[in-house]
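Okay everyone, have a look at this one with me. I'd like to walk through the ligand and the place where it sits.

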Amino acid sequence: MKTPLIVRAALPSDVDAIWNLLEIYAPGGTVLRRSKEDIAFYIGNFSVAEYDGRVCGCAALRDFGSDLLELRSVVVDPALQGQGIGKNMVEAVIGGLRRKRSHFRLFTLTTTPAFFQSMGFEISAKEEFPEKIWSDCAKCAKFSCCDETALIIRQ
Ligand SMILES: CC(C)(COP(=O)(O)OP(=O)(O)OC[C@H]1O[C@@H](n2cnc3c(N)ncnc32)[C@H](O)[C@@H]1OP(=O)(O)O)[C@@H](O)C(=O)NCCC(=O)NCCS
């Protein structure tokens with residue numbers, strides 16, 4: 001990569017770019033579909049990766065309380081995948097959490113577990129996160145035939 005990659009907190013002006021990235025994968029069910037209004041409301045939960053002045057990746061946190069958080073909406077522009085952007089972005093999000101909290105359990109549900117394992121996430125059981133199951137999974141068309149793996153990283 002010729003210019004440096006920047007990972008930063010998302011701004012209200014990033015809503016369209018985040019929506020465009022998520023819409024690449026939402027129709028196939030890889031990430032949850034999110035409206036622009038939803039992204040704008042929760043913009044404080046998002047981080048973005050910026051390369052060459054353009055937003056090329058995003059990741060969001062959801063705080064369930066009791067030190068349990070979910071890492072969600074993790075996407076990198078298909079044209080720039082495989083160059084370390086996703087890893088840099090997620091490690092920056094985890095680094096921010098480590099600085100802010102002495103304890104946390106950060107989980108994710110994904111069809112690409114190897115990506116998260118490369119950063120120290122360990123495979124877990126979905127049943128460990130009933131908060132997620134009852135907020136999102138219960139409404140999912142794939143609830144009874146879920147193809148996602150749960151992973152967790154703790155501090
Ligand atoms: C998964 C995704 C975010 C990874 O971003 P990326 O920038 O391409 O990944 P990186 O180049 O930072 O790869 C980091 C590591 O993960 C591995 N990895 C990345 N994508 C992978 C995949 N699809 N399957 C297996 N391993 C993968 C890489 O080999 C690399 O391993 P290394 O550190 O041992 O070399 C990106 O491919 C993407 O947007 N995919 C579609 C959406 C998606 O699946 N999101 C995941 C959450 S649901």
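So, a backbone N or O atom of G86 lies 2.8 Å from an oxygen atom of the ligand, which fits a polar contact, a pair of N or O atoms within 3.5 Å (inside protein, one must be able to donate a hydrogen and the other to accept it, and residues adjacent in sequence count only if both atoms are side-chain atoms). G82 also has a backbone N or O atom 2.8 Å from a ligand oxygen, and for Q83 the distance is 3.2 Å. On its own the ligand exposes 900 Å², and the protein buries 69% of that (Shrake-Rupley areas, 1.4 Å probe; for residues, only the protein chains shown count as cover).

Keep in mind that this is a predicted model: local features need pLDDT of at least 70, side-chain atom pairs count only at pLDDT 80 or more, and totals for chains, interfaces and linings use all residues. Residues are numbered from 1 along each chain as its sequence is written, and side-chain values use heavy atoms, with hydrogens and water left out.

Who's around the ligand? There are 18 residues, and V74, V76, G84, G86 and K87 come nearest (near means a heavy atom within 4 Å). Strand 4 (68-76), helix 3 (85-100) and helix 4 (113-117) each supply at least two residues of that shell; helices are DSSP runs of H or I, at least four residues, and strands are runs of E, at least two, numbered from the N terminus.

That's my tour, thanks!
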